Amino acid sequence: KLDGDTCVVGNSRLVEQLGVELNDKAKVLAELQEQGKTAVMVVSGRKLAGIIALRDTLRESAREAFRELKKMGIQRVVMITGDNELAARAVARDLEIDEYYAELLPQDKVDIVRVLVERFGSRVAVVGDGVNDAPALAAATVGIAMGAAGSDTALETADIALMSDDLRKLPYSIRLSRMALRTVKQNIVFSLGVIGVLIFTALI
């Protein structure tokens, strides 16, 4: 409440539900979205008071991480986000992401993850850090939470927590897990070989 008026802050869909007309601000909204920015509407009473434009800063570490994942044989990198279509498209283009889905609610993210699991089988990992990502983390084969920035809900839901916001830790973690798996397999083969020799010796 501000001076007796109800103030609402949200996206364009919320403004439409409230029945507020954009009028001349519709062009401004379109321009901001074309620039890859997420527009947050501020409504005071029954009028649009202003638009706040937000955009994530792309870190070079993200580009490096995605390139490294490709080199490691990761088939497809998919972005699922609640941001608007144009903002998501701009980010996907900048980061050379294979596929993206935008304007998603938490349940929509879960549905997309389930579709990806059906498409790729038990080889789908989801990386997230927010409360809205928790259901998608749970639906994936492996849920990975960004530990330093992650919400408590995301950390509790995920199978793996990276204790850093640096996405370059993701390829490192995959390499480490592959090495660990190789070591486990080698140990099993070696153990079975030793047991086989002992059994053969005992029978002789």
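Buried, in these legends, means under 20% relative accessible area. The model throughout is a predicted one.

**Figure 1. What helix H4 tucks away, and what comes right after it.**
Seven names are worth labelling here: Leu-86, Ala-87, Ala-88, Ala-90, Val-91, Ala-92 and Leu-95 are the buried residues of H4. They pack against quite a list of elements, namely H2, strand E2 (38-44), H3, strand E4 (78-80) and E5. Step just past the end of H4 and you hit Glu-96, with a positive phi of about 55 degrees. Glu-96 isn't a glycine, yet its phi is positive. As for where that puts it, Glu-96 belongs to the loop between helix H4 (85-95) and E5. Glu-96 has a relative accessible area of 60%, so it is exposed.

**Figure 2. Glu-99, a charged residue under cover in strand E5.**
Is Glu-99 buried or exposed? Its relative accessibility is 14%, and with the cut-off at 20% that makes Glu-99 buried. The residue sits in strand E5, which covers residues 99-101. If you skip everything up to four places away in sequence, Glu-99 still touches Arg-76, Val-77, Val-78, Met-79 and Arg-119. Two arginines are worth picking out in this view, since Arg-76 and Arg-119 are both among those contacts. By class, glutamate counts as charged.

**Figure 3. Helices H3 and H8 side by side.**
Here the axes of helix H3 (residues 60-71) and helix H8 (residues 169-203) come within 8 Å of each other, crossing at roughly 30 degrees. Angles under 35 degrees count as roughly parallel, so H3 and H8 are roughly parallel to each other. On the H3 side, the residues making the contact are Ala-65, Glu-68 and Leu-69; on the H8 side they are Leu-170, Pro-171, Ile-174 and Arg-175. Sorted by class, this contact has five nonpolar residues, two charged ones and no polar ones.

**Figure 4. Val-20, a buried residue in a loop.**
Val-20 is found in the loop between helix H1 (12-17) and helix H2 (25-34). Being in a loop doesn't leave it out in the open: Val-20 has a relative accessible area of 8% and is buried. Which residues does Val-20 contact, leaving aside its neighbours within four places in sequence? The list is Val-15, Val-43, Arg-46, Lys-47 and Leu-48. For a sense of scale, try a C-alpha to C-alpha line from Val-20 to Gly-143: the two are 40 Å apart in space and 123 residues apart in sequence.

**Figure 5. Two pairs to put a distance label on.**
The first pair is Thr-57 and Val-91, with their positions 34 residues apart in sequence and 9.5 Å between their C-alpha atoms. Thr-57 is found in the loop between strand E3 (47-54) and H3. With a relative accessible area of 72%, Thr-57 is exposed, while its partner Val-91 is one of the buried residues of H4. The other pair is Arg-13 and Met-41, which are 28 residues apart along the chain and have their C-alpha atoms separated by 9.7 Å. Arg-13 lies in helix H1. Its relative accessible area is 38%, which makes Arg-13 partly exposed.

**Figure 6. Asp-3, out before the first strand.**
Asp-3 lies in the segment before strand E1 (7-10). Its phi is near 55 degrees, a positive value in a residue other than glycine. Is Asp-3 buried or exposed? At 78% relative accessibility, Asp-3 counts as exposed.

**Figure 7. Zooming out to the whole chain.**
To place the close-ups, here is the full protein, with eight helices and eight strands. Its C-alpha trace spans about 95 × 30 × 30 Å along the principal axes. The radius of gyration is 24 Å, whereas a compact globule of 204 residues would have one near 17 Å. Of those 204 residues, 32% count as buried. Among contacts with a separation of 6 or more, 39% come from residues 24 or more positions apart. The protein exposes about 12900 Å², and carbon and sulfur atoms supply 55% of that.

Note on methods:
Residues are numbered from 1 along each chain as its sequence is written. This is a predicted model: local features need pLDDT of at least 70, side-chain atom pairs count only at pLDDT 80 or more; totals for chains, interfaces and linings use all residues. Side-chain values use heavy atoms; hydrogens and water are left out. Axes are lines fitted to C-alpha atoms, for helices over the stretch in contact, and angles run from 0 to 180 degrees between N-to-C directions. Helices (H or I, at least four residues) and strands (E, at least two) are DSSP runs, numbered from the N terminus. Angles under 35 degrees count as roughly parallel, over 145 as roughly antiparallel, 65 to 115 as roughly perpendicular and the rest as oblique. Contact means heavy atoms within 4.5 Å. The radius of gyration is taken over C-alpha atoms; the globule rule is 2.2 Å times the number of residues to the power 0.38. Buried means under 20% relative accessible area, exposed over 50%, partly exposed in between (1.4 Å probe, protein chains only). Accessible areas come from the Shrake-Rupley method with a 1.4 Å probe; for residues, only the protein chains shown count as cover.
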